[in-house]
Amino acid sequence: MIRTSPHVIKPTPLQVVMLKVAAALLPGIAAYVWVFGAGILLQILLATITALATEAACLKLRNYPIKPFITDGSAIVTAWLLALSLPPLSPWWMIVLATAIAIGLAKHLYGGLGQNPFNPAMVGFAVMIVSFPASVSRWNAPLSLPNVDLTAWQQFGYIFSGILPDGLAFDTLASATPLDTVKTALMQSHSMSEIFSGAIFQSASWLSFMPSSVALIAVAYLLGGLYLLQQRIIQWQLPTAFLAVLLGMSGLFYLINPAQFTSPAFHLLSGAAMLGAFFIVTDPVTAPTTPRGRLIYAALIGLLTWLIRTFGAYPDGVAFAVLIMNIAAPFIDQYTQPAVFGRKGK
């Protein structure tokens with residue numbers, strides 16, 4: 001059936017897009033609260049307040065009207081993504097500093113929304129993990145562990161003061177993430193069977209609970225990502241190419257040597273794979289705009305993520321892979337432009 005004119009499609013308002021992205025993050029946030037407790041809610045609140053305050057200050061310094069930009073929702077989405085990328089019990093100053101860097105430097109230093117070449121949330125995260133690698137790499141235990149019983153107020157108190165209830169030390173409740181643990185164990189010549197049989201994970205008694213916990217969060221992000229695809233907020237090429245290459249590379253090397261390389265399922269459900277696939281790689285400002293360019297861009301992010309996870313110094317490579325490919329996005333767009341209608345393509 002041929003529809004009648006007009007055929008011009010009205011673009012979706014930016015506020016509606018950002019509202020839908022925030023709504024898509026809610027399943028992931030709920031899973032975080034279920035697994036790690038209410039501390040993540042305070043982190044999100046601190047990040048949101050800092051993002052709005054930094055946005056307003058930068059707009060004021062640039063003599064821009066504040067209300068139209070501060071209400072578009074972009075700063076809030078950046079704040080939420082950054083909060084979800086850092087450990088739930090990070091000290092308050094870390095999320096505040098990371099958010100101020102993301103909004104003030106990674107966004108407004110380049111001219112504001114639509115002008116930034118780098119993903120602001122990933123810039124904030126990258127600065128934190130380079131500056132404070134030990135703090136960013138250590139996550140608290142899931143609340144499902146029998147001897148972990150931190151109330152929301154106790155978590156809030158630790159975020160602001162660094163003090164836990166008497167008889168409870170953070171070192172007994174925290175350790176490296178599964179990605180970091182596996183990488184370190186492999187560097188020490190342990191086999192994959194030793195790691196997952198418990199010989200390694202039991203060195204920090206709660207680590208055996210982590211894979212199922214992070215898998216729940218990954219599934220929650222997947223549900224949010226499917227909603228964004230259904231609403232046509234994001235393009236299918238970006239998450240598909242990223243996940244396909246990440247799974248393909250991990251699957252190939254797992255088949256070649258399962259004793260030294262982690263399985264595709266571990267790569268898919270650990271770290272920031274799902275968050276990156278649907279909420280970070282798909283950033284419309286820093287990603288290419290052509291269909292073929294999106295496939296190339298996301299595929300290379302998937303490849304770099306696997307390389308950094310497997311051979312790099314950092315346990316997860318999503319943030320650095322995204323920032324590296326942000327540099328290449330304009331060139332990918334330039335060389336993947338479709339042929340002009342009526343002209344033969346090259």
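**Exercise 1. State how much space the largest pocket holds and describe its lining.**

Solution. The largest pocket encloses about 570 Å³ of space. Its lining counts 30 residues, and those closest to the centre are Met18, Thr282, Asp283, Pro284 and Val285. Two or more lining residues come from each of α1 (14-36), α4 (74-85), α6 (120-131) and α14 (273-280). By class, the pocket lining splits into 19 nonpolar, seven polar and four charged residues.

The terms are as follows. On a 1 Å grid over the protein atoms alone, a pocket is an open set of points with protein on both sides within 12 Å along at least five of seven lines, a cavity is a set where a 1.4 Å probe fits but cannot get out, and lining residues have an atom within 4 Å of a point. A volume is the space filled by probe spheres set on the points. Helices are DSSP runs (H or I, at least four residues), numbered from the N terminus. Ala, Val, Leu, Ile, Met, Phe, Trp, Tyr, Cys and Pro count as nonpolar, Asp, Glu, Lys and Arg as charged, and the others, Gly among them, as polar.

The model is predicted: local features need pLDDT of at least 70, side-chain atom pairs count only at pLDDT 80 or more, and totals for chains, interfaces and linings use all residues. Residues are numbered from 1 along each chain as its sequence is written, and side-chain values use heavy atoms, without hydrogens and water.

**Exercise 2. Find the cavities of 30 Å³ or more and describe the lining of the largest cavity.**

Solution. The count is two cavities of 30 Å³ or more. The largest cavity has a volume of about 520 Å³. Of its 29 lining residues, Ser85, Trp139, Gly271, Ala272 and Asp316 lie nearest the centre. Elements that each supply at least two residues to this lining include α7 (133-137), α9 (178-187) and α16 (318-335). The most, five residues, come from α11. The lining of the largest cavity has 23 nonpolar, five polar and one charged residues.

**Exercise 3. Locate the salt bridges and state whether their residues are buried or exposed.**

Solution. The structure has two salt bridges (a side-chain nitrogen of Lys or Arg within 4 Å of a carboxyl oxygen of Asp or Glu). One joins Glu55 and Lys107 at 3.1 Å, N to O. Glu55 sits in helix α2 (residues 39-61) and Lys107 in the loop between α5 (92-105) and α6, so the pair, 52 residues apart, links distant parts of the chain. Buried means under 20% relative accessible area, exposed over 50%, partly exposed in between (1.4 Å probe, protein chains only). Glu55 is buried because its relative accessibility is 2%, and Lys107 is buried at 4%.

The other joins Asp316 and Arg309, with the closest N and O atoms 2.8 Å apart. Both Asp316 and Arg309 are buried; the relative accessibility of Arg309 is 5%. Arg309 belongs to helix α15 (residues 291-311), and its side chain also reaches the backbone oxygen of Ser270 at 3.1 Å.

**Exercise 4. Compare the expected span of helix α12 with the distance between its end C-alpha atoms.**

Solution. The expected span is 1.5 Å times one less than the number of residues. Helix α12 (residues 237-256) has 20 residues, so the expected span is 28 Å; the end C-alpha atoms are 28 Å apart, which agrees. Among the buried residues of α12 are Leu238, Phe242 and Leu246.

Note on methods
A polar contact is a pair of N or O atoms within 3.5 Å; within protein, one must be able to donate a hydrogen and the other to accept it, and residues adjacent in sequence count only if both atoms are side-chain atoms.
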